[in-house]
Amino acid sequence: MSTATESGLQHRLAAVLQKNWKSLIVFVPFFWLLIFFLAPFFIVFKISLSEAIIASPPFMPMIEWADEGVMRIKLVFDNFTYLWEDDLYFNTYLSSLKISSISTVLCLLIGYPMAYAIVRAQSTTKNVLLMLIILPFWTSFLLRVYAWMGLLADQGTINNLLIGMGFIDEPIRLLYTDFAVYVGIVYTYLPFMILPLYANMEKLDWTLLEAAADLGARPFTTFLTVTIPMTLPGIIAGSLLVFIPATGEYVIPDLLGGGNVLMIGRLLYNEFNANVDWPVASAVAIALLLVLVLPMMLYQHVQGKETEAS
Amino acid sequence: MNNAKRSYFLIATTCFGLAFLYIPMILLIIYSFNYSKIVPVWGGFSTRWYGVLFESEEVWTAVSLSLKIAMVNACFATLLGTLAGLALVRFGQFKGRTLFSGMITAPLVMPEVITGLSLLLLFITLKEFIGWPDNRGFSTITIAHITFSMAYVAVIIQSRLAGMAQDLEEAAQDLGAKPFRVLTDITLPLLAPGMLAGWLLSFTLSLDDLIIASFVSGPGSVTLPMLIYSRVRLGLRPDINALATIIILVVAIGVLIAAWIMFRQQRQRELELQMSGDE
């Protein structure tokens, strides 16, 4: 009898699966993201509103049970006012935004002509070039940053080369400067600029350029009035893919900038690991999210449109 | 005249860009064969640092942990990412679609320090309430990696699905196949190259991650990037150059093989299409 009910159950289960397999396909990844992507932000937000104490975990609980079962909710906004009042944090946000904006523009200046050249290349050359752009993307990010330490160090390749050629007598300081951080960011994020630009340009109708030329437009005018507007979605997507992660970058300022370059990702990491001030670290994270939420939504919008268009 | 000038400019920038991308890596490889302990000072050709590397037990432990995480991560991320991509492209509107597509795109651009911090705080909270995870290490790092890797897989699957002609699926439907059979017999096999690409990408993303892993790992669990980082923070190390050379070569060979396989498959499909007289 038990086997009968079991097979009955199995049948019913199979029937339910048969009917609801679509919901199941949506549900599994959806549930995963809810727990491991969305819920954590609420916890960060909660901890950013609590007080730091020396304990494990090192913050005060937000909800306390006072006598007679009265619940007390304690919200502390001190961490946020602290961020606002301490110049260090404000300056670090500004400096991060400055570094990531300039790096984004540099990536665009180098990446745009490269993407253009790849799109206009012959089919075989095109595949080889694409391969060459994608390959560094697959190799370790950390090791690519490390490679620049060897180039930029006081005894590094660049200084050795310049001294060897007699341009300078003493090594110039390259590592642990703003310059090194710019080089590092542009170097590691360049493929992120080129690939969306390429994806966008590949779909374009290039005969429009010929049409503009036939109608007497000068190359520069054509570029400004036809090429740029047509490739704008690619420009925006590529720029955001560089700008957003670069703003929160940790490894590059730490390895190439040393202690001399202020960036928010590094500050957050140190606040959490060295100072063990979780509430302030959480507040730094929430403030960074607030700064980046608009660019993120813009990226989402552009990305959605691109998928629909194709 | 302008065309010629423009193409010179394009070629020059492309060469400059490629040189910029590749020269540092080439130098890294060259200096891994340097005898001298001081990395940028050439002391003659030698493979001694490879010996130093292979003798280090620390390195082997870190490599095996990283490979295990990358393997498990790639399988789960491919599964979840494929489901997510299918849901977003083929299921039309459903409840919570906007939230879903937001959550699947956001990990692509989310700064790693934020993801790492928030996941660590989640694991600590979970431990407080349900007693799991007891130890942070393999399982927590793998879960963290799946969460961002599946987003990349979903993007690949989405673009594959969007670019795929739907006529085969429609034909199967017209011949009476139920939607679920269309999915398993037609759509998924067509998606296989995309899933392979997603698997490989997840695998490398996981092997590459330093920040999220350092947040969510506990004492005793050191992944390969964490080990590399703790060594290079203090300056240049010739044994790390040797390790980098091995990693770069393995990745380059892997990518070239994968590209070659995909290229051949694409060629074959194009040929089949031509034979059948379509397009």
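Helices (H or I, at least four residues) and strands (E, at least two) are DSSP runs, numbered from the N terminus. With that in hand, here are my notes on the model.

This is a predicted model, in which local features need pLDDT of at least 70, side-chain atom pairs count only at pLDDT 80 or more, and totals for chains, interfaces and linings use all residues. Residues are numbered from 1 along each chain as its sequence is written, while chains are lettered from A and ligands numbered from 1 in the order in which they are written.

1. A good place to start is A:Ser100, which sits in helix α3 (residues 87-120) of chain A. A residue is called buried if 20 or more other C-beta atoms lie within 10 Å of its own, exposed if 12 or fewer, and partly exposed in between, with C-beta atoms placed from the backbone. A:Ser100 is buried because 24 other C-beta atoms lie within 10 Å. Leaving aside residues up to four places away in sequence, A:Ser100 touches A:Phe243, A:Ala246 and A:Thr247; here, two residues are in contact if their C-beta atoms, placed from the backbone, lie within 7 Å. A:Lys305 is 205 residues from A:Ser100 in sequence, and their C-alpha atoms are 25 Å apart in space.

2. Next, a helix pair in chain A. The axes of helix α4 (residues 123-138) and helix α7 (residues 178-202) of chain A come within 9 Å and cross at roughly 135 degrees. Axes are lines fitted to C-alpha atoms, for helices over the stretch in contact, and angles run from 0 to 180 degrees between N-to-C directions. That angle makes α4(A) oblique to α7(A), since angles under 35 degrees count as roughly parallel, over 145 as roughly antiparallel, 65 to 115 as roughly perpendicular and the rest as oblique. The crossing of α4(A) and α7(A) is left-handed, a term used if the near helix is turned anticlockwise from the far one by less than a right angle, with right-handed used if clockwise.

3. Which residues make the contact of α4(A) and α7(A)? From α4(A) come A:Ile133, A:Ile134, A:Pro136 and A:Phe137, and from α7(A) come A:Pro191, A:Ile194 and A:Leu195. By class, the residues of this contact are seven nonpolar, no polar and no charged. Ala, Val, Leu, Ile, Met, Phe, Trp, Tyr, Cys and Pro count as nonpolar, Asp, Glu, Lys and Arg as charged, and the others, Gly among them, as polar.

4. Helix α11 (residues 264-273) of chain A is mostly covered, with eight of its ten residues buried. Among the buried residues of α11(A) are A:Arg266 and A:Glu271, along with A:Leu267, A:Leu268 and A:Phe272.

5. Have a look at the backbone of A:Tyr176, in the loop between α6 (157-164) and α7 of chain A. Its phi is near 65 degrees, a positive value in a residue other than glycine. A:Tyr176 is partly exposed, as 19 other C-beta atoms lie within 10 Å. Chain B has a backbone feature to check too: a cis peptide bond joins B:Trp132 and B:Pro133, with omega about 0 degrees. B:Pro133 belongs to the loop between α5 and α6 of chain B. Most residues other than glycine have a negative phi, and most peptide bonds are trans.

6. On domains, the assignment for chain A gives domain 1 (2-73) and domain 2 (84-309); such bounds come from an automatic or database domain assignment. The centres of these two domains of chain A, taken over C-alpha atoms, are 37 Å apart. Their contact takes ten residues from domain 1 and nine residues from domain 2. On the domain 1 side, these divide into seven nonpolar, two polar and one charged.

7. Chain B comes to eleven helices and zero strands. Its C-alpha atoms fill a box of roughly 70 × 70 × 35 Å along the principal axes, and buried residues make up 41% of its 279 residues. Among contacts in chain B between residues at least 6 apart in sequence, 75% join residues at least 24 apart.

8. One exposed position in chain B is B:Pro189, which lies in helix α8 of chain B. B:Pro189 counts as exposed because 11 other C-beta atoms lie within 10 Å. B:Gln93 is 96 residues away along the chain, with 24 Å between the two C-alpha atoms.
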